[in-house]
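Subject: Structure for you to look over

Dear colleague,

Please find the structure we spoke of below, together with its sequence. I would be grateful if you could read the notes underneath with the model open beside them.

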Amino acid sequence: MPPTAAEFREAVSRFATGITVVTCVVDGVDHAMTANAFASVSLDPVLVLVSVERESRFHDAVSATSGWGVSILSADAEPVARWLATKGRPLEGQLDKVAHHRSPALGVALIDNALATLECRTVNTHRAGDHDIVIGEVVAITTRADRALGDPHPLAEPLLYYRRRYRSIAAGETSD
């Protein structure tokens, strides 16, 4: 028998992922979603992908525009990730309490203090089950300076998702 959705969800929950917020603007309205199904695809050209559920309102928005942004979240952004993963939240004003700024190239919302941000233009979309895989060419990148020379503060940690919970890397547990 093929695996059930519950069995599949349990198995893939054991794969730790980073957490992103993906945004776009349609008719002057910001759209955003939390995504862990994000990946780099190619270095030449520079491509990334995000998997978007077709029944979500974000799917309709990202399908209606060619430009979108990705904010790679730090561990201290868990409240932002939780809020933008909330189904049924109001569309209007959903970013009012989220610190963000407009991206320079495409004018999409990017989360302040993200570890890195990418601005992307859609180059292809592929149907995949109940999701679409949206592939974007990266047109602009910013990365957060973790610390200046001599700064005693630790490096910023990424926000992770593992076993259906948000997590972070504990200090001292990383290896090269």
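The notes below go through the pocket, a small sheet, an aromatic pair and the salt bridges.

Please bear in mind throughout that this is a predicted model, and that the values I quote are computed from it.

I begin with the pocket. The largest pocket has a volume of about 1,500 Å³, and its lining is made up of 36 residues, with Thr34, Asn36, Ala37, Glu53 and His131 lying nearest the centre. Four elements supply at least two lining residues each, namely helix H1 (5–12), strand E3 (29–35), strand E5 (46–53) and helix H2 (57–64), and among the contributions to this lining the largest share, 5 residues, comes from E3. By residue class, the lining divides into 16 nonpolar, 12 polar and 8 charged residues.

Next comes the sheet. Three strands form an open sheet in the order E1-E11-E12, with antiparallel pairing. Strand E1 (17–18) and strand E12 (165–168) stand at the edges and have a single partner strand each, so one side of each is left without a neighbour in the sheet. Strand E11 (residues 159–162) is joined to E12 by 4 bridges, and these two strands run antiparallel; Tyr162, for its part, has Arg165 in E12 as its bridge partner.

The aromatic contacts can be dealt with briefly, since the count comes to 1 aromatic pair. This pair is formed by Tyr161 and Tyr166, whose ring centres are 5.1 Å apart and whose planes stand at 65°, and because an angle over 60 degrees is counted as edge-to-face, the pair falls into that class. The two partners are not alike in their exposure: Tyr161 is partly exposed, with a relative accessible area of 26%, whereas Tyr166 is buried, with a relative accessible area of 14%.

Which residues are linked in a network of salt bridges? The network consists of Glu10, Arg14, Arg163 and Arg164, and it belongs to a model in which the count comes to 7 salt bridges. Within the network, the side chains of Glu10 and Arg14 meet in a salt bridge at 2.7 Å, N to O, and those of Glu10 and Arg163 meet in another at 3.5 Å, N to O. The pair of Glu10 and Arg163 links distant parts of the chain, since Glu10 is in helix H1 and Arg163 is in the loop between E11 and E12, 153 residues apart. As for accessibility, Glu10 is partly exposed, with a relative accessible area of 24%; Arg14 is also partly exposed, at 47%, as is Arg163, at 34%.

A further salt bridge deserves a separate mention. The side chains of Asp132 and Arg54 meet at 2.9 Å, N to O, and this pair, too, links distant parts of the chain, with Asp132 in strand E10 (residues 131–143) and Arg54 in the loop between E5 and H2, 78 residues apart. Asp132 has a relative accessibility of 7% and counts as buried, because the cut-off for that class is under 20%.

With best wishes

Methods. Residues are numbered from 1 along each chain as its sequence is written. This is a predicted model: local features need pLDDT of at least 70, side-chain atom pairs count only at pLDDT 80 or more; totals for chains, interfaces and linings use all residues. Side-chain values use heavy atoms; hydrogens and water are left out. On a 1 Å grid over the protein atoms alone, a cavity is a set of points where a 1.4 Å probe fits but cannot get out, and a pocket is an open set with protein on both sides within 12 Å along at least five of seven lines; lining residues have an atom within 4 Å of a point. Grid points are joined across faces, edges and corners, and a volume is the space filled by probe spheres set on the points. Ala, Val, Leu, Ile, Met, Phe, Trp, Tyr, Cys and Pro count as nonpolar, Asp, Glu, Lys and Arg as charged, and the others, Gly among them, as polar. Rings of Phe, Tyr and Trp (its six-membered ring) pair if their centres lie within 6.5 Å; planes under 30 degrees apart count as stacked, over 60 as edge-to-face and the rest as tilted. Buried means under 20% relative accessible area, exposed over 50%, partly exposed in between (1.4 Å probe, protein chains only). Two strands pair if DSSP finds at least two bridges between them. A salt bridge is a side-chain nitrogen of Lys or Arg within 4 Å of a carboxyl oxygen of Asp or Glu.
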